[in-house]
Amino acid sequence: MTSPVPMVDLKIQFEAIRQEVTSAVLDVMESTHFILGPRVKGLEEAIASYHGVKYAVAVASGTDALHLALLAAGIKRGDEVITSPFTFIATAEAISYLGAVPVFVDIDPQSLNLDVKKIAAAVTSKTKAIIPVHLFGQPADMDEIMEIAKHGKLHVIEDCAQSFGAEYHGRKTGTIGELGCFSFFPSKNLGGYGDGGMVITDDRNLADHLLSLRNHGSHVRYYHDEIGFNSRLDEIQAAVLHIKLKHIGEYNDKRRRNAKRYNACFTGSGIRTPSELRGTMHVFHQYTIRINNRDAVKKRLDDGKVTSSMIYYPVPLHLQAAYRDLGMIQGSLPVAEQVSHEVLSLPMYPELSETQINRVADAVKQAL
Ligand SMILES: Cc1ncc(COP(=O)(O)O)c(C=O)c1O
């Protein structure tokens, strides 16, 4: 019996770039320059240039990218930061690390991103920033968000952990707000062979501050201007990511092609397929369908062993035990709650074959 189609298969991609990657990693080892060397600098320059921004600062993870970006933006204890309840917890954790308060605003039922019509009502005198998350690779409605932010003098820090290369009206995600934060977790659209992250910005002061924060509050070795962190991307990761960056256009195109193939398979099935909002380019970090009897379908899929599937995310953040102190109750963010019962993510990676997509889609339709 063939094994179930996996959610991601990093092995096929590695085989395709094996020569380049192993030789680059060997070079790093031979150089013995492992931390903050030429490869990190090279990757920062390449990623800044890919996005058409002035600065990119590599850090140790996407979580750190958000944490340090918030710090650089001056977010402090007691400040409120508006974000989505329907995201990976790291988005909110970064806010909590600073003693600031995440203010969860319900999501739009189509994009699954922050519902921009509901943001203004959540702004108070304590609100200092908004973190839109471009969930699953679908850009959030940035025009509206920037408008609200301008009006309230709020910082906008984009969580682009799932949206590397995605576009909103011709602009790449991460370049619209003041700071854009990326994750290079291995399964991300641009993924390393370990943890990693990046912050991009056009603001020189913010970039300078980030360079210091990621390296013990220091610009000059053994002189420390503030208490900082050890949050550096290492040279091996930078070397791998630089190679993969050359292929990111092709990887994202293939994800989009695969999403189209899934959509075609599901036409007329009553399954709600992911939408790509007008004027945006979705990069399908996840291909997430929505169905009413999700749990039963998932169980049948698991039993059938034809395909893997995952629930991103089963519990919205405002109902997580970690955020019980916020005192938010069931029913307070109805769209996020409803969606968390309906979503089912199917296998998605560039190298997924048409045959695999057909198998997955058939299995899902049968399980329904
Ligand atoms: C939306 C979102 N934000 C933040 C993160 C945190 O990134 P990392 O795992 O690199 O710390 C992730 C991914 O894990 C994510 O999906």
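At what angle do α2 and α7 pack, and how far apart are their axes? I started my notebook with this pair. The model is predicted.

**Entry 1: α2 and α7**

I read an angle of about 35° for the packing of α2 and α7. Their axes are 8 Å apart. The crossing of α2 past α7 is left-handed. I then listed the contact. From α2 come P38, R39, V40, G42, L43, A46, I47 and Y50. From α7 come E235, A238, A239, L241, H242 and L245. I sorted this contact by class and got 10 nonpolar, 2 polar and 2 charged residues.

**Entry 2: α1 and α7**

I stayed with α7, residues 235-245, and turned to α1, residues 10-31. The two axes come within 9 Å and cross at roughly 140°. I label α1 oblique to α7, because angles over 145 degrees would be needed for roughly antiparallel. The handedness of this crossing is right-handed.

Which residues meet here, α1 against α7? On the α1 side I noted Q13, I17, E20, V21, A24, V25, V28 and M29. On the α7 side I noted E235, I236, A239, V240, I243 and K244. The class split for the α1 contact with α7 is 10 nonpolar, 1 polar and 3 charged residues. E235 and A239 appear in this list, and they also appear in the α2 contact.

**Entry 3: α3 and α6**

Next I checked α3 with α6. Their axes come within 9 Å, with a crossing of roughly 125°. The two helices are therefore oblique to each other. α3 passes α6 in a right-handed crossing. α3 brings L68, A69, L71 and A72 to the contact. α6 brings L206, H209, L210 and L213. I found 7 nonpolar residues, 1 polar residue and no charged residues there.

**Entry 4: the largest pocket**

I moved on to open spaces. The largest pocket has a volume of about 700 Å³. Its lining holds 26 residues. Which of them lie nearest the centre? They are L36, L211, R214, N215 and H219. Elements giving two or more residues to this lining are α2 (38-51), β1 (55-59), α6 (204-213) and β10 (218-220). The largest share, 5 residues, comes from α2. So α2 turns up again here: I had already logged it packing with α7. By class, I count 11 nonpolar, 6 polar and 9 charged residues in the lining of the largest pocket.

**Entry 5: the second largest pocket**

I put the second largest pocket at about 490 Å³. Of its 25 lining residues, F88, Q162, F185, K188 and Y313 are the closest to its centre. α3 (62-72) and α4 (90-97) are the elements that give two or more residues. α3 gives the most, with 3 residues. The lining of the second largest pocket divides into 11 nonpolar, 11 polar and 3 charged residues.

Y313 sent me to the backbone. A cis peptide bond joins Y312 and Y313, with omega about 5°. I placed Y313 in the loop between α9 (294-304) and α10 (334-342).

**Entry 6: cavities**

How many cavities of 30 Å³ or more are there? I logged 2. The largest cavity holds about 100 Å³ of space. It is lined by 15 residues, and L10, Q13, K188, R255 and P350 are the closest to its centre. α1 and α8 (248-266) are the elements that give two or more residues to the lining of the largest cavity. I recorded 6 nonpolar, 4 polar and 5 charged residues in this lining. Q13 was already in my notes, as part of the α1 contact with α7.

The second largest cavity holds about 30 Å³. I listed its lining as C160, A161, Q162, S163, F164, F182, S183, K188, N189 and L190. The classes are 5 nonpolar, 4 polar and 1 charged. K188 lines the second largest cavity, is among the closest to the centre of the largest cavity, and has a like place in the second largest pocket.

**Entry 7: one more backbone check**

Which residue has a positive phi although it is not a glycine? I noted H169, with a phi of about 45°. H169 is found in the loop between β6 (167-168) and β7 (171-172).

Key. Residues are numbered from 1 along each chain as its sequence is written. This is a predicted model: local features need pLDDT of at least 70, side-chain atom pairs count only at pLDDT 80 or more; totals for chains, interfaces and linings use all residues. Side-chain values use heavy atoms; hydrogens and water are left out. Axes are lines fitted to C-alpha atoms, for helices over the stretch in contact, and angles run from 0 to 180 degrees between N-to-C directions. Helices (H or I, at least four residues) and strands (E, at least two) are DSSP runs, numbered from the N terminus. Angles under 35 degrees count as roughly parallel, over 145 as roughly antiparallel, 65 to 115 as roughly perpendicular and the rest as oblique. A crossing is left-handed if the near helix is turned anticlockwise from the far one by less than a right angle, and right-handed if clockwise. Contact means heavy atoms within 4.5 Å. Ala, Val, Leu, Ile, Met, Phe, Trp, Tyr, Cys and Pro count as nonpolar, Asp, Glu, Lys and Arg as charged, and the others, Gly among them, as polar. On a 1 Å grid over the protein atoms alone, a cavity is a set of points where a 1.4 Å probe fits but cannot get out, and a pocket is an open set with protein on both sides within 12 Å along at least five of seven lines; lining residues have an atom within 4 Å of a point. Grid points are joined across faces, edges and corners, and a volume is the space filled by probe spheres set on the points.
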